[in-house]
Amino acid sequence: MQNGTSSDFYDGIRSASGAYKYYCNGQWLETSCGKTLNNQNPCTNQTAYTMQACTQGEVNQIFAAAKAAQKAWARTPLCKRAEALHRVAQLMREHAQPIADCMVKEIAKPSKDALSEVVRSADLVAYTAEEGVRALGENRLLTSDSFPGNTRNKLCMVAKVPLGVVLCIPPFNYPVNLAVSKIAPALMAGNAVVLKPPTQGAIAGVHLTQLFHKAGLPAGLMNLVTGKGSEIGDFLTQHPSVNCISFTGGSTGIAISKKASMVPLQMELGGKDVCIVCSDADLTLAAKHILKGGFSYSGQRCTAVKLVLADKKIADQLVSMLVPMVQGLKVGRPEDNADITPVISESSASFIEGLAQDAKQKGATFLTEYKREGNLIWPTLVDNVNPNMRIAWEEPFGPILPIIRVDGHEPAIQHCNASSLALQGCVFTQDINRAIEVSDAMETGTVQINAAPARGPDHFPFQGFRDSGIGSQGIKNSLEMMVKTKSTVINLPAPSYQMG
Ligand SMILES: NC(=O)C1=CN([C@@H]2O[C@H](COP(=O)(O)OP(=O)(O)OC[C@H]3O[C@@H](n4cnc5c(N)ncnc54)[C@H](OP(=O)(O)O)[C@@H]3O)[C@@H](O)[C@H]2O)C=CC1
Ligand SMILES: O=C(O)[C@H](O)COP(=O)(O)O
């Protein structure tokens, strides 16, 4: 195995120079302009992989291919589309390791988590095929006589019609799972796909694309554009052939929403997920979830616990449980399955450091020592945070977890609802009535009761309120979002009624 690539299964995806190619109309190609770009290994800040910087002309060709392929795909029976997705899922299981190896190298994801991301993604693709044949295979018939003044002379057949070409843009932290969570429903619903992977995570996307190629999807149906989002992004999102944008990432998504033309948008953006720990909480359970929720993949999850709002009555006890747990986390290399690995980039590490310094200057208590080497930041627990500190509101996307002590759950709810980010949140209490009272009052896309925030299982609806997004993901919701409604009305010469 070399560079995360195994055997001849991946033949053709790299040029003679070693740069990874882009994928258009069923072919792996090098850019005509000869321009390539590198991504970096977060552990070393050295080049991990090299890829094509696609030109606008190549993007035009990709959209032309996608548009043409989609017309035939829309006429492909649902059961055949499902079969194709099942083939992809099977290949994902068989070829999971090379994709996981790419993630270890380009996004420093611990190797076991990288592998489980691919397996989870295969399950997602297979589930989408199953859900799609049923959900899309069921259409409605309306009759006119239910509306006042009408008889039964009009029959309205309501069908679910593909949108056309779906532009899929996942973020670095789940370059495989958040790619297929867009691609699979798009294809199942009869659309073609243009995938623009994150630059950090792009080569996992290249390998993933090869699975669709090997699964025998028609040429042009699935395409891959590589290039820096800041350079090619606007051209992609504003392309006249785009019929839907499914995006996951940071505030870039807000800018895209403002610039995009009149196409359906699915935006999953940042989160500042709070964890409210009430005075009657099971603290062992809460501490376990705060640790996992706050620090898995070094806090680089939109659903990570990003602020603990602990009732003053139990805060000392909670903190005394958390400190040794945080200190016990293994810090190191993703290859060694460390719990805490380097964050994605130097600029991200510096941003996190800025939040830590601001909290320190404003009097927060550091329960664990802040330490950084390159992009590696030791897990940091910060107590006595107050709303004047940036970390009370901003999303670090790193292994630093602030705690605000609150007097009862009311101020915790107020803080949660005052945040511009409103993806998920959670509440720990052993009183079911209080759990419902608090979760009903929390204005976030999802509230977890007695568990840390999480997107999965992948068929659950997943959405953010306010600046955390628009639209809802989750397999069924994504399938529904990637079709439009078409009505065909049969006008009868005389009312017709079904006899019992
Ligand atoms: N709600 C959710 O489900 C999730 C939200 N996030 C959020 O994402 C952020 C971190 O992820 P990150 O990848 O850094 O997010 P970014 O918003 O920086 O990037 C996301 C994707 O958008 C691309 N992109 C960048 N600029 C443009 C543009 N102008 N037009 C089109 N696409 C563009 C990126 O490509 P390139 O890499 O080439 O710049 C990447 O593929 C955090 O804020 C996190 O909370 C992350 C995961 C899940
Ligand atoms: O990008 C993210 O952080 C994910 O959408 C969160 O997924 P998870 O809750 O399954 O880790």
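UniProt positions are given in the numbering used here, feature names are shortened, and annotations may be inferred rather than shown by experiment. The model is predicted: local features need pLDDT of at least 70, side-chain atom pairs count only at pLDDT 80 or more, and totals for chains, interfaces and linings use all residues. Residues are numbered from 1 along each chain as its sequence is written, chains are lettered from A and ligands numbered from 1 in the order in which they are written, and side-chain values use heavy atoms, with hydrogens and water left out.

**View 1. The annotated domain.** An unreviewed UniProt entry places "domain: Aldehyde dehydrogenase" at residues 29-487. The C-alpha atoms at the two ends of residues 29-487 are 41 Å apart. Helix makes up 41% of the span and strand 21%; helices (H or I, at least four residues) and strands (E, at least two) are DSSP runs, numbered from the N terminus.

**View 2. The surroundings of ligand 1.** Ligand 1 takes up the space of the largest pocket. On a 1 Å grid over the protein atoms alone, a pocket is an open set of points where a 1.4 Å probe fits, with protein on both sides within 12 Å along at least five of seven lines; a molecule sits in a pocket if more than half of its atoms lie within 2 Å of its grid points. There are 32 residues around ligand 1, and Thr199, Gly229, Gly249, Leu269 and Glu395 come nearest; a residue counts as near if one of its heavy atoms lies within 4 Å. By class, the shell has 14 nonpolar, 13 polar and 5 charged residues. Here Ala, Val, Leu, Ile, Met, Phe, Trp, Tyr, Cys and Pro count as nonpolar, Asp, Glu, Lys and Arg as charged, and the others, Gly among them, as polar. Helix H7 (229-237), strand S10 (244-248) and helix H8 (252-259) each supply at least two shell residues, and H7 gives the largest share, 5 residues.

**View 3. Polar contacts of ligand 1.** A polar contact with a ligand is a pair of N or O atoms within 3.5 Å. Side-chain N or O atoms lie 2.9 Å from a ligand oxygen at Thr252 and 2.5 Å from a ligand oxygen at Glu395. At Glu268, a backbone N or O atom is 3.4 Å from a nitrogen atom of ligand 1. On its own, ligand 1 has 900 Å² of accessible area, and the protein covers 84% of this (Shrake-Rupley method, 1.4 Å probe).

**View 4. The surroundings of ligand 2.** The space taken by ligand 2 is the second largest pocket. Its shell contains 5 nonpolar, 3 polar and 3 charged residues, including Asn173, Tyr174 and Phe462. An oxygen atom of ligand 2 lies 2.9 Å from a side-chain N or O atom of Arg120, and an oxygen atom is 2.4 Å from a polar backbone atom of Cys302. For Thr303, a polar side-chain atom is 2.7 Å from a ligand oxygen. The protein buries 96% of the 310 Å² that ligand 2 exposes when taken alone.

**View 5. Two backbone details.** Most residues other than glycine have a negative phi, and most peptide bonds are trans. Asn45, not a glycine, has a positive phi of about 60 degrees; Asn45 is in the loop between strand S3 (36-41) and strand S4 (46-52). Gly456 and Pro457 are joined by a cis peptide bond with omega about -5 degrees. Pro457 lies in the loop between strand S21 (446-449) and strand S22 (465-466).

Definitions and conventions. A polar contact is a pair of N or O atoms within 3.5 Å; within protein, one must be able to donate a hydrogen and the other to accept it, and residues adjacent in sequence count only if both atoms are side-chain atoms. On a 1 Å grid over the protein atoms alone, a cavity is a set of points where a 1.4 Å probe fits but cannot get out, and a pocket is an open set with protein on both sides within 12 Å along at least five of seven lines; lining residues have an atom within 4 Å of a point.
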